Structures are given as C-alpha cells and as structure tokens.
Amino acid sequence: MIDDDEDVLLAAKLLLKKHAHQVIIEKNPKKIPFLLNNDSYDVILLDMNFSKDITSGKEGFYWLSQIIEKDPSAVVIMITAFGDVEMAVRALKEGATDFVLKPWQNEKLLATISTAIKLKKSYKEVDKLKKAKKQLEEDINQPFKDIIGNSPAIQQVFNLIDKVAKTDANVLILGENGTGKELVARAIHQRSLRKDNSFISVDMGAITESLFESELFGHKKGAFTDAKDDRAGRFEVANGGTLFLDEIGNLSMPLQSKLLTVLQNRQVTRIGTNSPISIDIRLICATNMPVEDMVHDNTFRQDLLYRINTVEIKLPPLRKRLEDIPLLANHFLGTYAKKYRKEVTKINADALVKLQKYHWPGNIRELQHAMERAIIMSDNEELDDQDFFFLNNDKANTASQDASLTADSLNLDDIEKSVIEKAINIHSGNISKAAKELGLTRASLYRRLEKHGL
C-alpha cells in the first residue's frame, strides 16, 4: 500500500495483517520501482494524490502507468477521496482493477481486496496455461516429426508403436544418439488416447542435479533464492498427457530414487510445500546407454528399470537400415532446398552410393546435417558424391584400426579403453568432440573414462 498519510498506512496495516501473509506499506511513491524489482505482490493499493499534487490525481495516474509497465498483470486498487470518483473511473480505463473511497469501511475494503486476490490468481492460472500452450506448441512444431523408412528394421518399430500406443503402458526406447528416439515417443503419443493433451519432453542429461526437483516437480515462490514465482513442474504440466524423459540413463542414483518415488505414488510435491499433487501421465523414457548392464554395475536402479520398461522399443542404427538412406536423404533435400531457397532438386546415383557406404556414427542426425551442409554449399541442381565430406569417417576408421593394432588382447574392455584413448587424442582432449565421435553423451564418456582410469 502506497499513501502519503502515515496514519492511513498504519490503520490499513493493523486491519490487513490479520488477513494477509505480508503487508508492505510505503509513504514515498518514488520507492515503487525498487519494491517491484525486489518482490511481486498479489494486490497493490495506490493513493491517487500525494503531497506535491493534492487534487489532480496526476501522480496517481503516473505511478499506475509505471506499475502496469513494469508488471502488466499487476492488480492495482486506487485509493481516492469521494470527490475523485471520476478520476478513479478513468484510472480503471487505464489499467486499475478497482478503487476504494476514503474513509473506507473495513468490510468493504476487505471484500474489494479479496476479489482482487481472486483476480490475481486467475491471471496466474491464465499465464500458466499460456506457458504450457507455448511449450506444447514448441514441442509439436519440431521439424522432421514423421518417421521415414521402409526397411524391415524400421517396419518392426512401426509394429511395436501400433501395439503399444493405445495402451497406457510405460515405454523405454533404446537406441544410439541420432536414431530418432524422440520421434518415436511423439508417434506413440499421437496414436494414443492422450493425443489431445500435452506431450512434454525433458532432456534429463541437460538438467543439473540442483534443479532436478524444481524442473520436474515444481516449486513455491520463495522456496529458494531464484524462486520468484510459483512454478508447476513438468509432471504437472504433462498431467493428462505424456511425459517423455530423454537420456534417463544419465540420472544419478539419488535422483533415480526421487523419480521412482513419484512414479510409485503418482504424486508430486512442489519444493517449499507439503501438499502432494496427484498426477496422471503416460511415461515414455529413452536412453542410448546399456541400462541392463548399468543395473548389473549398480549404477541404475533395477526397480526403476522395471517401472519404466513395461515395453522396450530398440531403434536400429542407420547402418542397419541402409535401404532407408535414399528416402531420408530426399526428405532432407526437399526440406533444406526450400528453407535455403536453393534450386537443388535431386541426388545422383554416385552420391547415394557414397551415402550408403558410410557407417554413420551419428545416425540420422548426422545424415540430416550432411544434407543441410551439401545443399548450402552446392551451386548445382543436382548433388553428387563430391558434395559430401565425411571427415569423421576417416578418423573413426583410423581409431578403430589403431585400436585393433595396439590392444593387448581381444578383451572388450581393453579394446574400448584403447578406442577411447584414440578418440581423445584425435580431438586433442576435447571431451564433447570425442563423445560425439564415439556416439556417446558427455556423461557416458566421463563414466567410461573413470571406469578405465583415464
């Protein structure tokens, strides 16, 4: 509440502190920007006139505009004398929510504030829905959401999708990086009974341990330093729809335990609250890591694996579905020729042969990038074999050959250690590039480095 009359401020605080969690009073309106920068308020009560300008209301209009500019969803109640009603009505047109007359009746003031608080809650709910809608649209509008291929390997995946989609069974999608795990998850959702509700995707490998609970379960305003607003977690946003947890193999054991508890109880509790919220989701998870081996090594909980893999779908790497490469290449050709306004219309036979002979460690994602680069650089209407440069191919082959020559035995651990050493050396110690070369995530490579004492 901002008013230049200290007696009014004290009287209001005595009345309102019985009904509010916190009441802030301020005599000087120039402190409004500071107050808004440091906190958010359910309701702001603002006097129409201050000491410099007793009757015109100009100061009230000015500070109202400053508040609305700073926070368009602010709920502002103007405080005015009886003779200022016309100005108060004008204030409503300029963004105020309501006004109260001095001297006020306590019951009337409380009722006005109560109504304003309900309005603020509705603003927050609308804002939450808008954010959920925006996130949903961003997810839905991802490029290349259709799965392309006619090979027996991908047809088997289609059959599994059709069988599992109409159920609510939890699905675990296994496959190397770039094989299209998220596309399969979306396809399951689009064919499910939940298709009209949200599909929320979460990259577990990108969430830090400290933000895990906030991102997935939500938090209450003030629960920690940066919690400036109440926030729904991904589980809540996905309620009624599908939650896709990508790279679930990257979770530490403590985070696996927290996730398992939520999945077992079908409830989440926001940080800073003690009130559990029931959730109804379809869970789909994905990883490029050997989770069964991780269970054996005690780095992945067996009970969590049982919970998430009611059905497993294993995606084939691109080198196991070479007959799909022409289809995929032509799909990307059409997409990028249009995007970059190029006149490239076809790929010749030599180029397709070259694409099918390459081993594609980065799978479909690498093919996509190769096609994009070729189209950008091409000055012709037709792509030929000279438009494709696979530098990683030579490096990978060299690393593989060197490993076979230097490994002390045929033991797989020895060979893995040698190949990792070669990849690290090739990329001068750059972990990100070495991980990409090996078809691993950074976290997976770090685990293997620790395993081999590198």
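A nonpolar core is a set of buried Ala, Val, Leu, Ile, Met, Phe, Trp, Tyr and Cys residues joined through side-chain atoms within 4.5 Å, where buried means under 20% relative accessible area and exposed means over 50%, with a 1.4 Å probe and protein chains only. The model is predicted, with local features needing pLDDT of at least 70 and side-chain atom pairs counting only at pLDDT 80 or more, while totals for chains, interfaces and linings use all residues. Residues are numbered from 1 along each chain as its sequence is written, and side-chain values use heavy atoms, leaving out hydrogens and water.

**Exercise 1. Describe the largest nonpolar core and find the helix that gives it the largest share.**

Solution. Begin with the whole set: the largest core has 36 residues, and those with the most contacts inside it include Phe212, Leu216, Phe235 and Ile308. Next, look for the main contributor, which is helix H10 (residues 253–265) with 5 residues; helices here are DSSP runs of H or I with at least four residues, and strands are runs of E with at least two. Finally, note that a second, separate core of 23 residues includes Ala329 and Phe390.

**Exercise 2. Work out the order of the open sheet and its edges.**

Solution. The 5 strands follow the order S5-S8-S11-S4-S12 with parallel pairing, two strands being paired if DSSP finds at least two bridges between them. Strand S5 (199–203) and strand S12 (311–314) each have a single partner strand, so one side of each is left without a neighbour in the sheet.

**Exercise 3. Place strand S11 among its partners and decide whether its residues are buried or exposed.**

Solution. On one side, S4 and S11 pair in the parallel sense over 4 bridges, and Leu172 has Cys285 as its bridge partner in S11. Strand S8 (residues 242–246) is likewise joined to S11 by 4 bridges and runs parallel to it, with Arg282 as the bridge partner of Thr242. Turning to accessibility, 6 of the 6 residues of S11 are buried, so the strand is largely enclosed by the rest of the structure.

**Exercise 4. Show how the buried residues of helix H1 are arranged around its axis.**

Solution. First list the buried residues of H1 (residues 6–16), which are Val8, Leu9, Ala12, Leu15 and Leu16. Seen down the axis, they fall within an arc of 130 degrees, so they line one face of the helix; the arc is taken from the directions from the helix axis to the C-beta atoms. On the other side, Asp7 and Leu14 are exposed.
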